[in-house]
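This report looks at how charged side chains pair and how two helices pack. Please view the sequence and the structure before reading on.

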Amino acid sequence: MTAPLLAPRPSKALLVGLVVSGVLALIVLAIMLFSGGPVGFGLSALLAVAPLPVLLAAVLSLDRLEPEPKLHLAFAFAWGAGVAIVAGIALTLLGQQLFVRAGYASAAVEDIGAVVLAPVVEEALKGSALLLLLRRRAEIDGLTDGIVYASMAGLGFAAVENVGYYLLAFGEDGPGAAVQLFVVRGLIDPLGHPIYTSMIGLGVAYALTHRTAARFAAIPLGYLGAVLLHGLWNGAATTGSLTWLGAAYLVIMAALVLLIVVTVVERRQLVARMAYYLPAYQQTGLITDADVRMLTTLSTRKTARKWARGAGLGRAMSDYQQAATELTLLHLRAERHAVEPRRFGLERDALLGVMAHARRW
């Protein structure tokens, strides 16, 4: 048994948000079941859920170095699946009604809803999960954290939205149409919503982890990027042109490559930063020169975990590495004046306690 890492108690607001979002998601799914029937709903739900394990694994793999609290990740996913879906449908329909009353033709209103209203409304609602987590700012230590939380909100939104789209296709043209749509939404472009909202995640994380005067401008800029990417894809889809869809897809994939590069660079910078902070703790006997060399590159960390598993110390090594990573992040937060001295001492001592408990080599 390993010593627990220091973790704040979950706030009541976070728990309430998780419950409310989950209930709303279930209500939406129940309405779909009632309107579409068990066969159509069952197929649609299966198609929507099928890629989720792979997508969740891909997103969470970005977070292996310093895993985020499961409750916060669950909140972001549920928020996207519940609150963002319900409010997104309501606000988009309301906006479309305003254009109808203004005299726009029904076809134009549909296009405006898809290309303008949906991106503006949906990205604001999905991204609001990041803003709600600002109160737990100690959990967002870098750009990767912003990407992970935003991706979870996007995956939750996409999962429920896809059930609705597949159900509509099933109702109009049968199971074949639902499967064809799944190829586009579930196989070719399954990361659309996570990529869009990750632009907001980057903006929020940048604002929290930098001290420049203009840092908060990153949040509206990230939102603008999310809306543009979302609108680009929806606009290309309304044209029915494979050329436009292909061009939009390339832009979105370029955004995905950018997100991957950000996470890789930030991960390498973090482990290298350990070489600056951790030697100060050598006098405790918990960190040696060999430990510092092991902790400060991704390859040596992986090699150490492999050796530890063979020696029956796999869990201990993982705990040791994670605690050392958290200790480095604690110092980085202190540099930004984002942690009080008393809190710094409590967290530092707790992390050193975990390292003392885990270190058996």
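## Salt bridges in the whole structure

How many salt bridges does a search of the whole structure find? The search finds 9. The model is a predicted one, and the values below are computed from it. As a general point, side chains of opposite charge can pair when their charged atoms come close.

## A pair inside helix α5

Lys126 and Glu123 form one salt bridge, with an N to O distance of 2.8 Å. Both residues belong to helix α5, which covers residues 106-132. They are 3 residues apart, or about one turn of the helix.

Are these two side chains buried or exposed? A residue counts as buried when its relative accessible area is under 20%. Lys126 has a value of 0%, so Lys126 is buried. Glu123 also has a value of 0% and is therefore buried.

## A pair between distant parts of the sequence

Asp141 and Arg333 meet in a salt bridge, also at 2.8 Å from N to O. Asp141 sits in the loop between α5 and α6 (143-173), while Arg333 is in helix α13, so this pair ties together parts that are 192 residues apart in sequence. Asp141 is buried, at 10% relative accessible area. Arg333 is buried too, at 7%.

## A pair inside helix α13

Arg315 and Asp319 form a salt bridge in which the closest N and O atoms are 3.4 Å apart. Both lie in helix α13, 4 residues apart, which is about one turn of the helix. Arg315 counts as exposed, with 58% relative accessibility, whereas Asp319 counts as buried, with 12%.

Some salt bridges share partners: Asp141, Arg333, Arg343 and Glu347 are joined by them into one network.

## How α12 and α13 pack

Two packed helices are described by the angle between their axes and the distance between the axes. Helix α12 consists of residues 298-310, and helix α13 of residues 314-335. Their axes come within 7 Å and cross at roughly 150°. Angles over 145 degrees count as roughly antiparallel, and α12 and α13 are therefore roughly antiparallel to each other.

Which residues make the contact? From α12 they are Arg301, Ala304, Arg305, Trp307, Ala308 and Arg309. From α13 they are Gly314, Met317, Ser318, Gln321 and Thr325. Sorted by kind, the residues of this contact are 4 nonpolar, 4 polar and 3 charged.

Note on methods. Residues are numbered from 1 along each chain as its sequence is written. This is a predicted model: local features need pLDDT of at least 70, side-chain atom pairs count only at pLDDT 80 or more; totals for chains, interfaces and linings use all residues. Side-chain values use heavy atoms; hydrogens and water are left out. Axes are lines fitted to C-alpha atoms, for helices over the stretch in contact, and angles run from 0 to 180 degrees between N-to-C directions. Helices (H or I, at least four residues) and strands (E, at least two) are DSSP runs, numbered from the N terminus. Angles under 35 degrees count as roughly parallel, over 145 as roughly antiparallel, 65 to 115 as roughly perpendicular and the rest as oblique. Contact means heavy atoms within 4.5 Å. Ala, Val, Leu, Ile, Met, Phe, Trp, Tyr, Cys and Pro count as nonpolar, Asp, Glu, Lys and Arg as charged, and the others, Gly among them, as polar. A salt bridge is a side-chain nitrogen of Lys or Arg within 4 Å of a carboxyl oxygen of Asp or Glu. Buried means under 20% relative accessible area, exposed over 50%, partly exposed in between (1.4 Å probe, protein chains only).
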